[in-house]
Amino acid sequence: KAMSSFGIHEAQMMFGVDVANSVISLAKTPEPGKVSLFEVRTAIAAAANGKIATDVGAMGGGVWMHEDEIILVGKGFAHKYGQDKKLTQIARPTFGGRRLDYSNQIDWYTEEMMQELLRRAESLEWRHEVVGELLSLFGMWDNWEVKSSNEIAAGLVLATFVQTCWEFRPHVCITGPSNSGKTMLIDKCMSGIFNGLCASMQKGTEAGLRQKVKSDAVAVVIDEFEADRHRKDILELLRTSTRGGKTPRGTATGKGQDYGLKHLCWVSAIEVGLTQEADQNRFIRLVLCGLDADRDPAKRMQLPSRMSMADLGHRASACAIYTIREAKGLVEKI
């Protein structure tokens, strides 16, 4: 975006120190077999001729779908998971006409790890074991108003990993009185499962949410979503996410830009204030009942370690990626 400021350090960050130093010469007379920074800038400018890099349609960290191809974007790299069930690295900075955005450096998978997990996901028995662990985890909350809520929560976790792939996506609100375990579920459990692929916030603003998410397919988790002057604006933004719509937003340059979410968001509050009928249709509401004072969730429940929940999240993401094509077909049929 600013070629005049592209120097050796930017080249080292983009291509690695060894590569940059072996190709680029900083001497007045370039060394044999090397090129000057001016030549590098000229080559990049020539390759970019007529192409404008924008954030519109960019694919940041997370899971995306282009036609029937599944795209995984990680920390400085991206892979395609094709119909052949193989993970193939994407060498170009674009895919399907969309820019791959590595700016946030979302560290949520490695090629070796995901390749192995997707191989294991071919086993139906293995996938059942992963789902069973999710059911057991959410079953630790024994104060669900509806007893099957742990099954719904487990399914929604799987759906969230591939949230941008859906044509329609609901949001999830966890409600209940104080001391019912909402914060432990949202702040500790969800942020642990989604690990690096999570944008977690409390009492945020609509602008803060947009800036935090940017173009990443992260799990949006908002705790203490209580009534204040910002909640109305956040709800307006969440409404665009249901079917991937967009609303115009002003920018510092004075040019308007369309912005929208394609996220399945998780919020928790004592009351969420879904007064509009449209909002009630957009949210899946899971209710936790109140507990006696001597049944403090923080004392009565021993959650798995952060590392264990992150491992469960990695395996759950592989299950979701492996089955997303079949799941989309099933949703359309239903």
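The second largest pocket of this predicted model is lined by 25 residues, among which Ala159, Trp166, Ala327, Lys328 and Val331 lie nearest its centre. A pocket is here an open set of points on a 1 Å grid over the protein atoms alone, with protein on both sides within 12 Å along at least five of seven lines, and lining residues have an atom within 4 Å of a point. The space in this second largest pocket amounts to about 680 Å³, a volume being the space filled by probe spheres set on the points, which are joined across faces, edges and corners. Helices H5, H6 (149–161) and H12 each contribute at least two residues to its lining, and the largest share, 10 residues, comes from H12; helices are DSSP runs of H or I with at least four residues, numbered from the N terminus. By class, the lining of the second largest pocket comprises 16 nonpolar, 3 polar and 6 charged residues, where Ala, Val, Leu, Ile, Met, Phe, Trp, Tyr, Cys and Pro count as nonpolar, Asp, Glu, Lys and Arg as charged, and the others, Gly among them, as polar.

Residues are numbered from 1 along each chain as its sequence is written. Local features need pLDDT of at least 70 and side-chain atom pairs count only at pLDDT 80 or more, whereas totals for chains, interfaces and linings use all residues, and side-chain values use heavy atoms, with hydrogens and water left out.

Enclosed space was treated separately, a cavity being a set of grid points where a 1.4 Å probe fits but cannot get out. The count comes to 2 cavities of 30 Å³ or more, and the largest cavity has a volume of about 60 Å³. Its lining includes Asp107, Trp108, Phe161, Ile193, Phe194, His314 and Ser317, and divides into 6 nonpolar, 5 polar and 1 charged residues. Helices H7 (182–194) and H12 (306–333) each supply at least two residues of this lining, with H12 giving the most, 4 residues.

The axes of H5 (residues 124–139) and H7 come within 12 Å and cross at roughly 165 degrees, the axes being lines fitted to C-alpha atoms over the stretch in contact and the angles running from 0 to 180 degrees between N-to-C directions. H5 is therefore roughly antiparallel to H7, a term reserved for angles over 145 degrees. The contact (heavy atoms within 4.5 Å) is made by Leu134, Leu137 and Phe138 of H5 and by Leu185, Cys189, Met190 and Ile193 of H7; these comprise 7 nonpolar, no polar and no charged residues.

Definitions and conventions: Angles under 35 degrees count as roughly parallel, over 145 as roughly antiparallel, 65 to 115 as roughly perpendicular and the rest as oblique.
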